[in-house]
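Open the model in your viewer and keep the selection box ready. This tour moves from the whole assembly to single residues.

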Protein chains: 2
Amino acid sequence: MKKNILAISFFTLCLKLCIAQSILTESYNLMPWPQDISENTAKFIINSDVTISLSSDDSDRVRNAAVIFLRRLSNRTGVFLNEGFPLKERKGNIQIIYKTHAPLNIKTDESYTLTVNDSLVQINANTDIGALRGLQTLLQLITNSETEYYFPGVNITDSPRFVWRGLMIDVSRHFHPVHVIKRNLDAMASVKMNVFHWHLTDDQGFRIESKVYPKLQSKASDGLFYTQEQIKEVVAYANLLGIRVIPEIDVPGHASAILSAYPELGSLPDYNYSIERFAGVFHPTLDPTNELTYEFLENLFTEITPLFPDDYFHIGGDENEGKHWTENKAIEQFKTEHNLKTNHDLQTYFNIRLEKTLNKLGKKLMGWDEIMTPGMPTSAVIHSWRGENEGLPNGGSLIKAAKSGYQTVLSNGFYIDRMLSVDHHYSIEPIGDIALTPEERERVLGGEATMWSELVTPLTIDSRIWPRTAAIAERFWSAKEIRDLEHMQKRLAVISYQLEEQGITHIKNRAVILRSMTNNQDISALQELSNICEPLKVYSRNKDGIEYKTFSPFNLFADACIVDAKDALSFNKAVIAFQKEDTKSAQQAVLHFLKQWQVNYSNFSKLTLNPKISALEPLSKHLSKTSGLLLKCFEAQKVSTHDLDDLNTSLEVLKQEFMDTEVVIVAPLEILITYCKTNFQTR
Amino acid sequence: MKKNILAISFFTLCLKLCIAQSILTESYNLMPWPQDISENTAKFIINSDVTISLSSDDSDRVRNAAVIFLRRLSNRTGVFLNEGFPLKERKGNIQIIYKTHAPLNIKTDESYTLTVNDSLVQINANTDIGALRGLQTLLQLITNSETEYYFPGVNITDSPRFVWRGLMIDVSRHFHPVHVIKRNLDAMASVKMNVFHWHLTDDQGFRIESKVYPKLQSKASDGLFYTQEQIKEVVAYANLLGIRVIPEIDVPGHASAILSAYPELGSLPDYNYSIERFAGVFHPTLDPTNELTYEFLENLFTEITPLFPDDYFHIGGDENEGKHWTENKAIEQFKTEHNLKTNHDLQTYFNIRLEKTLNKLGKKLMGWDEIMTPGMPTSAVIHSWRGENEGLPNGGSLIKAAKSGYQTVLSNGFYIDRMLSVDHHYSIEPIGDIALTPEERERVLGGEATMWSELVTPLTIDSRIWPRTAAIAERFWSAKEIRDLEHMQKRLAVISYQLEEQGITHIKNRAVILRSMTNNQDISALQELSNICEPLKVYSRNKDGIEYKTFSPFNLFADACIVDAKDALSFNKAVIAFQKEDTKSAQQAVLHFLKQWQVNYSNFSKLTLNPKISALEPLSKHLSKTSGLLLKCFEAQKVSTHDLDDLNTSLEVLKQEFMDTEVVIVAPLEILITYCKTNFQTR
């Protein structure tokens, strides 16, 4: 009986959610979508009399957020506010009410309610962090008519599904200065993310100043590292935004940089360690049988843990097969003596010692899922990066970890550096249909998008993180049932330009690259190409041809291209619609693109060529040719064998890679060619 | 006789320079133009084998510059270099040879020679600073054909005309974070500027952390200030680029912020001091009769001078009429007792005491030209900001200062916040035809462009500084005779996009503003308008209508517009050419623009309007109308009275201000209307 009520409630909930979403998403561009939203008929006009007041002045976070809110409100609306700061002596017409100044951890209450009436906006929250989340929602509610800006009347009750909603940035493969991190923290906050995982060390560089081991920055960073003051600055900045910072010092593998500074800690005594310039998995590894290694790590951790107040500390631990361990007889002997059968056992021995050190320093050890070996205590936190795609059972290492008693965080499926579509990432359901006990469910803390930086620099990193990560943020915050792709895409388009308004460079820097490529000629022809090409996916950019080094150029055509290429997406949709229903208007929508592309080559040909753009010439040429031929067929309602041959020849060209990108309109073009063949063919 | 030889040499020199420039500027986009350049037939191909070596490893500056050089070379050319760092064990095919690691001061030798042969590039300099300057020239020499990039064969001998080539940035009216300063330092270095004058305090905010007087940041900065660590970081960064940093603490006027924190130092005991939100000149002033004032300044200067290693220290001293002094009887009495007749005498008394304090700290006092009062010792440095336009005699305060025995620096004529054309600033000749003795000439140190920030934020500051300041940098570095406007403009267009390549946001952020204004609609119609409108000049933006506060929005239409609006400049030129010579092709060049503008309104009308763009509607409408009518006249070769009336009506509309901008094609449109009237009129 109870079961039945539950089932009905669940059905009602689903229905309610689905209806609510379908109606409301038409009006509101909220992301992440709140747990509950209803409309009222009110309208709060945004004019120069807007004021804001806080229930108390004890939270730097809320004060800071309120000032930023006023600046962004003013910039978005163009309204000249009379009061640029929260009121102190009287109540504002936007009131922020919160009870406590919360410590930042996985228990932090982030819930809030938001009500908009004609003359009053109220945000109510148990904690200051909840108030911050509510302010971001309010900013996303700004709406306008031709004559005014306003907040529409709504009642929102909201809280996150997962407590850990993170973004990892790798600053080793390419260094990203403080301001790049800060602008990404701003963006994270705007979509309610709350964990910044800072991958600070890897083979390609050690990026944090150590006063105890100064060679780490002087020999292992190429001068590109954060001072301890800068680390503090970033951590404080993140804290103001309600974002926790988890540092990662990746050991025992991924250690080329560390070992270039302190080779005495390496697993092969005579190895010539140096900072790695290429991308890949390398063998230099700390020696887990050397007491100096533990002394070094204990000293280093003792020095840097105070910079990071968070409870969690990430030790990496990934991708080490221990090749150098096997090559070193002394290490092999140590294994025998300690009854450690495999290199994995040896790494577990290493991890357990590290965990003790970190516990002593008040930290919980976190590591990539390789650390989940039989002997590893469940006090460790498993960062799941391998899943079904790596041949693991349903749920991947995440579910295994949760069921084995570990707290766990999911990144499998959220590797944004693989250059996969936002639809792909958004559709990943962390838990899926797997039955978990409440305890197991609680151990699934949430997830992290991972921005590995082999192929990104400060110029391009934003366009690799955003806007896709906003949709991932929704996956981590919103209800499981919020998963309609079209609604997400519609809202994401708005969130995307608002991210630019906030300082994210994902849109504007594309034109910078194209201007640079052309020596400042008219970039419209290249822009058109960049809207139908996507960077090679799943690490294949670095596979053939020239291999990229850390200091190779990353302002090339592929760097101006993005995942979810705009015109390609629209064209694909238009062709699919035409395929479904062969109407005049559906056909027009398709031909519209073909007409645009037909003239690309004549525009491209006006450019004075140089070595950075010449390789795009066949792309432009055959795009125009294919488009022109298709247009001719549709117009004449006939197609000759000769035309079909030409079409197929051009299409073969478009199937090639162009400057590390792929043309992502080949499939719909093929559909159109088949259509012509089927419907129009003549001899 | 000797005179004659000199005269002939001078004539020859002029001739040589003029010829050299006219031929060479066609090929090279160097800015500032070097003192001497000649061509050889060589060509140094840029491929992956390019390497760089340094004559010694004792200069951080050269090592840093060489790495940056390699990154920029690689980004500009797309070449994948094998070696990403200077060679240590062998010589490179680019060799940098310098003798000493120089201290940074007004005596620093910045000269260098640069020779490019087929297989070798050599930069020779007496100092590491000279080597940096040479590397910037080499970067500007990169040339390409369709198939390759290369350095053309040249021999350059170069050194600056003035030792002080500065940019002042006001970070008080609007705060500009460290990364904004750093990117501008990079840009300065690329055009060989060597002084960053940091206007750190003013009525609107005190921007540097004091540990001795912490209320300066806690009460007088709105939380927007540099920590001492950040100051050190910027100074070190500038030093690496060969740029001196001169701090300015503006006293005794412009002191609202200081007095909001320490009102006890103010000239009116019961005045309610607060951070100023508006732009303008205000009365709050330190009390020069109060010993506490001197104690405060001595402690403050003692605390902060160690952060700024430069010899010079700027105390402002401008725009104080001493209104509050006159209102305070005790101060009036002090004047009487000390035989100080005027408020200027009182300020001199104050300045002289400050100078002693600064001298004790090893600093030379520098101040705006108001400090040049009869009693002021000539050990002070006069920063000339008032000139003939303020009613001063020929040469303004600069020449007066030099002739009176003061070292002096010119900013009159280089107030880039006045939004005047690059031609205007470039044409300012600091010394002109005024005869100076060698000693007087030596006291004219150089000049500074001044970026006052009442109307700029980090989003827009770059577009107010650049590219115009690159031309000003040339004025300060290159020979007086280098002054051809067209050549400058041609080179500046190239330098401008290269500044963007380097990280300056002056081009890309304009589109950001337009996207934000339109809620991410197609911005092409607005872009067209922004290319014929310029922000109101000489501070008139803040004159009528809403007055801007520090927290007002600065992402409006005027902020997307720039000085030297591109299409307006081209159209003006086309109309003038057509006026000179009424040919078919000259007419076509004019009509080309009219055709473009004729359709602006139909594009504009496709936009969903909002309060940020509605006010542009009449601009777009009447631009299209005027263009359409003119096109009709030219086509029909006749114009009716009715057309002329319509033309004049529309032109009157275009003479109005639109959202704080002016339409800068009114004059050429008037010429065309007159032409139609004269040549085509019918009844």
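The stops below cover symmetry, one helix and a few backbone features of this predicted model.

**Stop 1: both chains.** Select chains A and B and superpose B on A. The operation is a rotation of 180° with 0.0 Å of shift along its axis, and the RMSD is 0.0 Å. The two copies are thus related as by a two-fold rotation axis. Both copies use the same surface: 100% of the contact residues of chain B recur in chain A. Now pick B:K508. Among the residues of chain B, its C-alpha comes closest to the rotation axis, at 2.9 Å.

**Stop 2: helix 8 of chain A.** Select residues 291-304 of chain A. Helix 8 has 14 residues here. From first C-alpha to last it reaches 20 Å, close to the 20 Å expected at 1.5 Å a residue. Which residues of this helix are buried? Show side chains for A:T293, A:F296, A:L297 and A:I304; these are buried. They sit on the same side of helix 8 of chain A, because they cover an arc of only 90° around the axis. Next, add strand 12 and helix 11 (343-360) of chain A, which are included in what covers those buried residues. Then turn to the face directed away from the buried side. It carries the exposed residues A:E291, A:L292 and A:E295.

**Stop 3: two cis peptide bonds.** Select A:V251 and A:P252. The peptide bond joining them is cis, with omega about 0°. A:P252 belongs to the loop between strand 12 (244-248) and helix 7 (256-261) of chain A. Jump to chain B and select B:M31 and B:P32. This peptide bond is cis too, with omega near 0°. B:P32 lies in the loop between helix 1 (2-27) and strand 1 (36-45) of chain B.

**Stop 4: positive phi.** Stay in chain B and select B:H254. This residue is not glycine, yet its phi is positive, near 45°. Look for B:H254 in the loop between strand 12 (244-248) and helix 7 (256-261) of chain B. Is B:H254 buried or exposed? It counts as buried, because it has 27 C-beta neighbours inside 10 Å.

Finish at B:N519. Its phi is also positive in a residue other than glycine, near 55°. B:N519 is placed in the loop between helix 18 (508-517) and helix 19 (524-530) of chain B. With 18 C-beta neighbours inside 10 Å, B:N519 counts as partly exposed.

Technical notes:
Residues numbered from 1 in each chain as written. Chains lettered and ligands numbered in written order. Predicted model: local features only at pLDDT ≥ 70, side-chain atom pairs only at ≥ 80, totals over all residues. Helix = DSSP H or I, 4+ residues; strand = E, 2+ residues; numbered from the N terminus. Buried ≥ 20, exposed ≤ 12 C-beta atoms within 10 Å, placed from the backbone. Expected span 1.5 Å × (residues − 1). Arc of directions from axis to C-beta. Contact = placed C-beta atoms within 7 Å. Least-squares fit on C-alpha atoms with pLDDT ≥ 70 in both.
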